[in-house]
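Here is a quick tour of the ligand sites and a few backbone oddities. Have the coordinates open and follow along.

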Amino acid sequence: MAKVYVFDHPLIQHKLTYIRDKNTGTKEFRELVDEVATLMAFEITRDMPLEDITIETPVCPAQSKVLSGKKIGLVPILRAGIGMVDGILKLIPAAKVGHIGLYRDPETLKPVEYYAKLPSDVEERDFIVVDPMLATGGSANEAINSLKKRGAKHIKFMCLIAAPEGVEAVKTAHPDVDIYIAALDEKLNDHGYIVPGLGDAGDRLFGTK
Ligand code: PRP
Ligand code: URA
């Protein structure tokens, strides 16, 4: 069964407050999303495997640990997921980045895929799918389907804000995918927006309306 992790770190919660605030402008919004993505990457990589190596400190030989060469694939859901990529790459610079383009049809709220480009060795990588918002869960589920269809075996999903409806939808469709959230909000409104949420993540990141 999928595990759901809600990060309660004070720095994440503090920055999220300003991300939510409608008076936060595009530049600051972008910087804060980048910072929270870095903090979340720190938490999400807790289970990365390590191996022992021997090194020489200036004092003596020593047994120490390094990451054991796990191949990571980072997949932002376009467009808003792009805002989280650089923040994560600061901690996992060797990750390959794939892209999946989806938009929500405003009438049906169903996701429509318009782009997919992934690393060639999909089957060997552990993937982190990122999107600031998990609302109905349609986009996350479609992106995960798209990855699985191409052979991905290990997938985590990471977002800033989730609605309970979206979490349930992903847990049901993909019980093998753990979900990492900075904040679990109250509900969706009639337009499929998260309440209280942050508004339209793509528009706020890129200054569109
Ligand atoms: C937003 C958001 C997610 C999706 C979440 O993207 O970035 O991808 O909605 O909603 P869901 O869980 O109900 O699918 P949007 O479709 O607005 O596209 P954009 O990133 O191009 O603005
Ligand atoms: N997409 C957004 O950008 N915001 C929401 O609240 C829901 C979906």
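## Ligand 2 and its shell

Sorted by class, the residues around ligand 2 come out as five nonpolar, two polar and two charged. The full list reads R104, M133, A135, G192, Y193, I194, G199, D200 and A201. Bear in mind while you look at this that the model is predicted.

So much for the list; what about polar contacts? Backbone atoms supply three of them. A polar backbone atom of I194 is 2.8 Å from an oxygen atom of ligand 2, and A201 has a polar backbone atom 2.8 Å from an oxygen atom of the ligand too. With G199, the ligand partner is a nitrogen atom, which lies 2.8 Å from a backbone N or O atom of that residue. On its own ligand 2 would expose 240 Å², and the protein buries 88% of that. As for where it sits, ligand 2 is in the largest pocket.

## Ligand 1 next

How many residues surround ligand 1? There are 13, and R104, D131, T136, G137 and S139 are the closest. R104 turns up in the list for ligand 2 as well. By class, the ligand 1 shell splits into six nonpolar, four polar and three charged residues.

For D131, the contact comes from the side chain: one of its polar atoms lies 2.4 Å from an oxygen atom of ligand 1. A135 and G137 use their backbones instead. A backbone N or O atom of A135 is 2.9 Å from a ligand 1 oxygen atom, and for G137 the distance from a backbone N or O atom to an oxygen atom of ligand 1 is 2.9 Å. The protein covers 90% of the 500 Å² of accessible area that ligand 1 has on its own.

## The pocket and what builds it

Which pocket does ligand 1 take up? Its space is the largest pocket, and that is where ligand 2 sits too. Three elements give two or more residues to the shell around ligand 1: β6 (99–104), β9 (133–134) and α4 (138–149).

I194 is worth a closer look here. This residue belongs to strand β13, residues 194–195. Is I194 buried or exposed? With a relative accessibility of 6%, I194 counts as buried, because the cut-off for buried is under 20%. Its C-alpha atom is 6.0 Å from that of A135, although the two residues are 59 apart along the chain. Both I194 and A135 are in the shell of ligand 2, and A135 also makes the backbone contact to ligand 1 described above.

## Backbone oddities

Two cis peptide bonds deserve a check on your screen. One joins L78 and R79, with omega at about 0°; R79 is in the loop between β4 (72–78) and α3 (82–89). Another runs from V195 to P196, again with omega near 0°. P196 falls in the loop between β13 and α6 (201–206).

Then there's L109, which is not a glycine but has a positive phi of about 65°. You'll find L109 in the loop between β6 and β7 (111–117). Its relative accessible area is 23%, so L109 is partly exposed.

## Some distances to try

Helix α3 holds I88, a buried residue with a relative accessible area of 2%. How far apart in space are I88 and E107? From C-alpha to C-alpha they are 33 Å apart, with their positions 19 residues apart in sequence.

Strand β10 (residues 154–162) gives two more pairs, starting with I155. I155 is buried at 7% relative accessible area, and its C-alpha is 13 Å from that of P76, 79 residues away in sequence. H154 is in strand β10 as well, but at 49% relative accessibility H154 counts as partly exposed. The C-alpha atoms of H154 and A95 are 14 Å apart, and the two residues are 59 apart in sequence.

How values were computed. Residues numbered from 1 in each chain as written. Chains lettered and ligands numbered in written order. Predicted model: local features only at pLDDT ≥ 70, side-chain atom pairs only at ≥ 80, totals over all residues. Heavy atoms only, no water. Near = heavy atom within 4 Å. Polar contact = N/O pair within 3.5 Å; in protein donor to acceptor, adjacent residues only side chain to side chain. Areas by Shrake-Rupley, 256 points an atom, 1.4 Å probe, with all protein chains shown as cover. 1 Å grid on protein atoms, 1.4 Å probe; cavity = no way out; pocket = protein on both sides within 12 Å on 5 of 7 lines; lining within 4 Å. Sits in = over half its atoms within 2 Å of the grid points. Helix = DSSP H or I, 4+ residues; strand = E, 2+ residues; numbered from the N terminus. Nonpolar A, V, L, I, M, F, W, Y, C, P; charged D, E, K, R; others polar. Buried < 20%, exposed > 50% of the residue type's maximum accessible area, 1.4 Å probe, protein only.
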